[in-house]
Amino acid sequence: MHAFRPLLRKSLFNLFAATLAVGAFIVPRLAHAEALLLIEADSGKVLQADNATIPWYPASVTKIMTAYVTLKAVKDGKITLDTLLTVSPTAASQAPSKMGLRPGTQLTVDNALKMMMVKSANDMAVVLAEGIGGSIDGFAAMMNDNAKRLGMTQTNYVNPNGLPADGHVTSARDLGILARSFLRDLPEYEYYVHIPAIRFGKRVTGNFNKLIGRYPGADGFKTGFICASGYNLVASATRNGRRLIAVVLGASSGTARAVKAAQLLERGFSQDNLSWLRPSLGTVENLVPVDASPPNLREEMCGGHRKRPASDDDDALIATNGATGGSGSLTGGAAPVTFFTAGLQPPLMKASELMASAPAPVEPVVVYTGPTRTGAALVAAVAADADQQNPPKARGKKSRTAKKPGAGSEAKSAAAKPAATKSDAAARSDTKTAAKPAASKHAAAKSDAAAKPAASSDQAAAKPAKPKAATKPKPAPNNS
């Protein structure tokens, strides 16, 4: 017996070392992996699940629940789509992405929903929350009550827009349950999750969900991004009467999440003839939650290695090290498949090329402030919103600025022209996926120079304008 003790110790030591090695490999992998989920909308059957029950920061996919609670109140007769809501100082103070309406502005539930779901407007989420729940906390309680009722056991809401907050978490599993519930409980209102673009005054904003208008059959849902979460997307598509829901959490860019969602959906639609070969993964409700802390991707998403600050409406923002992270690639390569029948599947479509293409041309949905209007009254309301985005310059300001000593010729030139508003600057950003004004780059640069906050006309006169800096404004941290 004594002779075997050294051998036993050695075996236990080797086993312990192997366990540590495996742990060292798995933990970082979990910390940086994406969460992926693919389910059937009707049955809830799980077709693929990778890290689907690991807690995650939802970012703006939170707004799916905000829309769910709002539209449930409409369906239950507590409010109507025409109910007028007021922008409070709290709503107006929310971080971008937002509409930027002034406190006291009124608009309908219908228009607030459209702005929130397409532009991912954080201020509109708070407008809805305060109008329906009385306060952010009151509405968050309503969100959590609904989450509990729907079986979203890994979800807790603190606010209606997904801006960073302690305890604001979900999982791919719970988001799949929520998307199914939205389609099941509110089929008459699912229009709100696949509006391709909105027009507000002079601004046209395309849906941040790149599958809309690009992927065949795409019909929902919502994007999300904060530094800690990475790029999130809940997407749905229908083909031959069969609807699938894909969830991607923690992708490395806006394009990457769309490519991965397209790959998941395409894989799901291609598996009909092989379903008898695949092991059953059960339904989304039966996925077992993991008790863990959400991975924090802040350094990875917003650290110094990024080319520029990350934001949700970025077309193809990728880390400079070229990593795509998780499964799948930006060159259209297929993600590793968990099914043993992967080798029997037909080749996937080139999702990256599809996402890089221009969306199908559409007429943007008009949104506006004030009560519900039609006909000539609607035209007048849209014109009024456009005027608000470009108010007239105060009389006499030009001459005072021009006479300041020491002002360079570029500063004088900028002062002599009407200053562009912040809304105009936002318009240029918002129209990435829609038609842009026919203006030359040179003209746009001058406009940007003029759009510099007249921090004061004294500063403008004391220092010549720098068009180069003006044409590349630093984007504010975005959550959408």
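This passage walks through the overall make-up of a predicted model and then one helix and the sheet beside it. Residues are numbered from 1 along each chain as its sequence is written. Local features need pLDDT of at least 70 and side-chain atom pairs count only at pLDDT 80 or more, while totals for chains, interfaces and linings use all residues; side-chain values use heavy atoms, with hydrogens and water left out.

The protein has 17 helices and ten strands (DSSP runs numbered from the N terminus: H or I of at least four residues for helices, E of at least two for strands). Of its 480 residues, 49% are buried, meaning under 20% relative accessible area with a 1.4 Å probe, protein chains only. Accessible surface (Shrake-Rupley, 1.4 Å probe) comes to about 22400 Å², and carbon and sulfur atoms hold 59% of that. Among contacts (heavy atoms within 4.5 Å) with a separation of 6 or more, 70% link residues 24 or more positions apart.

Now for the sheet. Three strands make up an open, mixed sheet, ordered β6-β5-β10; strands count as paired if DSSP finds at least two bridges between them. β6 (203–206) and β10 (365–367) sit at the edges, each pairing on one side only. On average, neighbouring strands are turned by 30° against each other, direction ignored. β5 (residues 197–200) runs antiparallel to β6 over four bridges, and Arg199 has Val204 in β6 as its bridge partner.

Helix α4 (residues 109–119) lies across β5, β6 and β10, at about 125° to β5 (axes are lines fitted to C-alpha atoms, for helices over the stretch in contact, with angles from 0 to 180 degrees between N-to-C directions). Eleven of its eleven residues are buried, charged-letter names such as Asp110 and Lys114 included. Right after α4 comes Ser120, with a positive phi near 60°.

Conventions
Buried means under 20% relative accessible area, exposed over 50%, partly exposed in between (1.4 Å probe, protein chains only).
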